[in-house]
Amino acid sequence: MKRSLFLLALSAAAYAATAVPNPERNLPALIPYPQQVEITGPYKMPLLNVKVRIDSTLALPPEGYLLETYRRGVRITAKDKRGEIWAYQTLRQLTDDKGLVPSVRIADWPAFAWRGFMHDTGRNFISVENLKKHLDLLSQYKINLFHWHLTDYPAWRIESRAFPQLNDPIYQRQGRDEGKFYTYGEIRDIIAYARKKGILVIPEIDMPGHSTYFNSAFGFGMADPRGMKVLETALNEFFAEIPVSEAPYIHIGSDEVHIPNPEQFMRWADSMATAAGRTPLVWDPGLPAASERTIRQVWSEAPGYVARNPEARGRFVDSYMGYLNNYDPISFTPRMLLHNPCDRTQGDSLALGGILCLWNDTKAPSQEELIRNSSLWSGLLPFAERFWRGGPVPEGADENPNLYPAPSTPAGRMLAEFEQRMLAHKNDLLRDEPFCWWPNASLAWRVSEPVAPGADTTGVKWHTLYGGAIDVDAMLSSLGLPKPDSAVVWAETVITVPRDTVIRAQVGFEAPSRSNRISPGIGRQGQWEAGSDIWVNGVRVAPPVWKEPGAYAFHFNTWHKPEEELPYTDEQLFWTREPVELHLKAGANTVRLCSRKVFPGQHWIFAFIPH
């Protein structure tokens, strides 16, 4: 036990020094990696006995735990109940398929108190069964908050006894699971189920915006005095049915809306929450929070927003690392892993932690497609790692978060190491999940600066970039170059193989947001997207035979337009479509591609991910 106590004697400087993990080679691929790990012997032991003790005096932060293996089993000493749950999750990852665990001593605790995931069930309904399944998986990675976005433009998903019209499909957006909602019994069931998994549920009733269904049902808006009376009754019903002990926080939305009485409305909404014993959360940017007790969930990605925002006072939550549905799942992994949570190395009384968000703006036929289209797991795993471990961002991370670090830098080595752990989870614990991601950080490219289509590249400057998905817009921003309305960039990489072989690769030339859908669309038959192209050893790589050639070309924002109701199909996203086969010869093989931008609003990227 003396050695265990020694492990706990961490100063702030020592904590920072342990921020980047150096995983033991003979340990399984743990995510998130524990704060301190000591290998105590060369042998594995059968998991015959697990002894658990909760000790509130343990010299660890909340949710911390000690895990020590011995000859016939495991001893767990946890700071609290959550610490016990997380210790078991670590033990699950340590145990091999023969039921053996390595000789190890672990001291572990989270750097940030809030590590949450938000799912939007207002736009696309998710069944109780599927919510429970995802709570299981969230708990597996020590996610301790589920931000449950219960209302949005299409529908109010909460049972309403006082106003049945809120649940009436006639007032809801057609085709968006109209008429589906959660009974109070189901909401209590989800909250209780989540608690057993170490997860606190934060319900969100978005107001006064994101409420088209409300206007349709009553003929007036939420900020109207009549609307506030309706909300008062509906909220009091919710608070009576869902006790404060089960939901001590309530998110009241407040973003993306302009109303004539913002201060009055927010004071009223704040008073409703606090009178019911709840702590309110609001989106920031949004309507001004009514008091410093309100927790701000910051979603602005503008650099330095938290530091310079004059409203930046009181407690806040980091959601400005980005939304899963805004980025391709390949480049989101390094973006998340190398993010500096709350602009701090660890949480404090103001910087609570983060909530990773998945918005379902576009209609989706199934829960699986929601997850696959934004590849939840390639974002959630690095989020879990980063917000559990904390620590400084390693040297080599680019100031532009959408560019990969050089593999030779500490940041590059950290990313490569994490990719291997993430791949192990994809192939094991998450093998049955839609997980559209492959290791790609070591790929190196020569990328030209933009030229006109068909122009000679002689004299054009080239730059070295890394990764399987290259954000050309980010490259131009990093170089201080303007973004042309239309142009091409050329890129080259080399793949070396020991013998003639055939590999598969994900290839694509755009990554439309699953929110606004701005996109050049699927390529015409015989062409890649936007008229781009790719060659291997001088031989053109033919695009897929498109099922819907030329479809889904939207050079405008599709929010609240009919196009928003068109679900994504597999061939619209380079990570969900079938890979192409590439014939390689023994030795070095040159991959050359031309990535084309065809209209000003296009998100200019290209992707090539061999696997």
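In the predicted model, helix H5 passes helix H7 in a right-handed crossing. The geometry of two packed helices is described by the angle between their axes together with the distance separating those axes. For H5, which spans residues 184-196, and H7, which spans residues 225-241, the packing angle is about 50 degrees and the axes lie 10 Å apart. The two helices are therefore oblique to each other, since an angle that is neither under 35 degrees, nor over 145, nor within 65 to 115 falls into that class. On the side of H5, the contact is made by Tyr 184, Ile 187 and Arg 188, which meet Glu 237, Phe 238 and Glu 241 of H7. In character, the residues of this contact divide into 3 nonpolar and 3 charged, with no polar residue among them.

A second helix environment is that of H11, which comprises residues 367-374. Of its 8 residues, 7 are buried, so the helix is largely enclosed by the rest of the structure. The buried residues are Gln 367, Glu 369, Leu 370, Ile 371, Arg 372, Asn 373 and Ser 374. The elements that cover these residues include three helices, namely H4 (128-140), H10 (329-337) and H12 (376-389), as well as the strands E6 (114-120) and E15 (351-358). Just after H11, the backbone at Ser 375 adopts a positive phi of about 45 degrees.

With regard to the cysteines, the structure holds 0 disulfides. Cys 357 accordingly takes part in none, and the cysteine sulfur nearest to it, that of Cys 342, is 13 Å away, whereas a disulfide would require the two sulfur atoms to lie within 2.5 Å. Cys 357 has a relative accessible area of 1% and is therefore buried, the limit for that class being under 20%. Cys 594, at 10% relative accessibility, likewise counts as buried.

The loop between strand E24 (587-597) and strand E25 (604-610) contains Gly 601. At 47% relative accessibility, Gly 601 counts as partly exposed, because exposure is assigned only over 50%. Although Gly 601 and His 555 are 46 residues apart along the chain, their C-alpha atoms are separated by 6.8 Å.

Conventions: Residues numbered from 1 in each chain as written. Predicted model: local features only at pLDDT ≥ 70, side-chain atom pairs only at ≥ 80, totals over all residues. Heavy atoms only, no water. Axes fitted to C-alpha atoms, helices over the stretch in contact; angles between N-to-C directions. Helix = DSSP H or I, 4+ residues; strand = E, 2+ residues; numbered from the N terminus. Left-handed = near helix turned anticlockwise from the far one by under 90°. Contact = heavy atoms within 4.5 Å. Nonpolar A, V, L, I, M, F, W, Y, C, P; charged D, E, K, R; others polar. Buried < 20%, exposed > 50% of the residue type's maximum accessible area, 1.4 Å probe, protein only.
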